[in-house]
Amino acid sequence: MESEAGPLGTLPPTARDAILQYLNLFQLKLLRMASRGLKRLIDESPTFVNKCFGDIPFGTVLDRGYEPAVWVRVHQVRIKHCTVISVSTWWPRLADHLTYIYIDHSAFMLPALAEILRNSPNVATLGLHHLRLINPNDRAEKYANFRLAKLTYFSLGKVHEQIAELMRLVISPPQLTNFGCVWDHEPDDDEQLIVDFLEASQGTMKYLGLSPTQEMIDQIGNFERFAPIAATLYCFRFQAEHVVNFSRRVATLTRLILEEISLSDGIILEICANLPNLKDLNVCIFCPETWKPSFLDAAPKLEFLAVQHKPPDGFTHSVPYEGFLLGHPCRPTTVGDFAECPPSPNLKEIILTGINPKPNHRQTDGTLECRTIVLQKRVTLDFRSENFSTLLRTVPLAKLQTLTLRSMSIPALELTTVNRFPNLRKLTLVRVEIPSPVLQPLLAMCPGLETVRALFSIADDGDVRFMCENLPRLTRLELFQCPLTDAAIVHIISFGHRLEKVHISSCYGVSEGAQRQLKALGTIWVQ
């Protein structure tokens, strides 16, 4: 059998797997078709198993006559827009390695769903969303003769009540560490059932995603051992009071993400006051005039802060962030005044979206007054703005270590000594329109760069050479959808002697032969 696998079969398993890591999933599938020996070796390879995501094709009718196209023991399976009638003849052969199952927008016979779960004893992550029963009169009690003992992460939404009841019966409390249940506007699922899940796992629950109603908050507040450390709340207009009440009842949170709701600074201040251990906060604010982050006084332990300016529903039109990246008109912005904000000694990262920093006041000697929030600690700034031209003048950047610029145009730079980034270590450019005569001076402002990431960028072969020659600390380079050719690989080989890791993806002018030549060096980890 080893001879059928050729030279690959003579290598130790660890060496063999290291070689297979360089092949993509399509190449691995072609290789496993070459011989029985190669098929066996690849099917048993952890690399192949980890690269396989067993997606069932859309619209498939899963009945006794169905069989997967490739029998590989994968760890993850997704079933979307399918009709599931019977899986007893083939699912057990597929499911013994499964740790992740996600099912969405599908119709089920209840025995088939129970069969899927019963024969997946190692599943740790399970998502059930938008599921309907083909036979709605069937009862969950008839099929709940098993337990999902290893399940820790569970999310559901818009499922038939008997599916929800089946899950309540087969999940052995207390075991859930992550739970999510989110709806669009009004509760689509039995609120009491959701509360029952939370109560049953209140001793182990750490991460929570929820669209809370006041009735749910009232009951959660009575749980003696309910102490999650992170929560993502999906709320809508007029639900600010729910958020405040939730923070008052669940004071153990260290991380809070508030989606789809715009809050005033006063409401955020009240939320922070209820969470004494808060370290990570992600919120949307609405401030028609200048925004001053006064709530920082109530969050002395805050390390990560993401603030997005978003007008409330009905105030003005806004587009989702995905649309913003694709070049659609951006949402209205506001001005952020950080000059007199409270000191935040633990703040490490701040992300501002739709908030343009207000120019700092000048001292009598003409120098900038550096009392800005971003100077307190090591900081990451992530600017998604059209206003880069004022950034270098309005935000003191002397201590900045990580900078991300997204979806902006930088036609020119003011080349003065004030504009340097002496401590910058990581620069990420995402959909930034910047010509080479401007990009290269920008890079020259950052002599200490160790990592450069250019995504959907116009960085070309000359820019790659410039980085290799002029950034003495550069060890990591990531290029995605850039107009590169094989000349860029030649520059990396010739001048990138300090590079340790290079990731080039979807740069269609770079041939596979050039990438193999780069890998052959053996001194650079190439992805």
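In the predicted model, helix H10 passes helix H11 in a left-handed crossing. The axes of the two helices come within 8 Å and cross at roughly 15 degrees, which makes H10 roughly parallel to H11, since angles under 35 degrees are placed in that class. A charged pair also links these helices, with Glu-270 forming a salt bridge to Arg-248 in which the closest N and O atoms are 3.3 Å apart. Because Glu-270 belongs to helix H11 (residues 265-274) and Arg-248 to helix H10 (residues 240-249), the pair ties together parts that are 22 residues apart in sequence. Both partners are partly exposed, Glu-270 at 35% relative accessibility and Arg-248 with a relative accessible area of 43%.

The pair between H10 and H11 belongs to a wider set, as a search of the whole structure finds ten salt bridges. Side chains of opposite charge can pair when their charged atoms come close. Among the ten is a bridge between the side chains of Arg-453 and Glu-478, with an N to O separation of 3.0 Å. Here the link is between strands, because Arg-453 lies in strand S21 (residues 451-455) and Glu-478 in strand S22 (residues 476-480), so that the pair ties together parts that are 25 residues apart in sequence. Arg-453 counts as partly exposed at 21% relative accessibility, whereas Glu-478, at 12%, counts as buried because its value falls under the 20% limit.

A further salt bridge is found within a single helix, where Arg-168 pairs with Glu-165 and the closest N and O atoms are 2.6 Å apart. The two residues are three positions apart in helix H7 (residues 161-170), and are therefore separated by about one helical turn. With respect to solvent, Arg-168 is partly exposed at 36% relative accessibility, while Glu-165 counts as buried at 18%.

Backbone geometry was examined next. Most residues other than glycine have a negative phi. Against this background, His-105 has a positive phi of about 50 degrees although it is not a glycine, and His-130 likewise has a positive phi, in this case of about 55 degrees. Each of these histidines is placed in a strand, His-105 in strand S5 (residues 100-108) and His-130 in strand S6 (residues 125-133). Their side chains are not assigned to the buried class, for His-105 is partly exposed with a relative accessible area of 37%, and His-130 is partly exposed with a relative accessible area of 32%.

Nonpolar side chains also contribute to the surface of the model, where Val-61, Ile-85 and Ile-134 make a nonpolar patch of about 220 Å². Of these patch members, Ile-85 is found in the loop that runs between strand S4 (83-84) and helix H5 (91-95). At 36% relative accessibility, Ile-85 counts as partly exposed, a value that satisfies the requirement of over 30% relative accessible area for inclusion in a patch.

Key. Residues numbered from 1 in each chain as written. Predicted model: local features only at pLDDT ≥ 70, side-chain atom pairs only at ≥ 80, totals over all residues. Heavy atoms only, no water. Patch = residues over 30% accessible without salt bridge, like charges linked within 9 Å, V, L, I, M, F, W, Y side chains within 5 Å. Areas by Shrake-Rupley, 256 points an atom, 1.4 Å probe, with all protein chains shown as cover. Salt bridge = Lys/Arg side-chain N within 4 Å of Asp/Glu carboxyl O. Helix = DSSP H or I, 4+ residues; strand = E, 2+ residues; numbered from the N terminus. Buried < 20%, exposed > 50% of the residue type's maximum accessible area, 1.4 Å probe, protein only. Axes fitted to C-alpha atoms, helices over the stretch in contact; angles between N-to-C directions. Parallel < 35°, antiparallel > 145°, perpendicular 65-115°, else oblique. Left-handed = near helix turned anticlockwise from the far one by under 90°.
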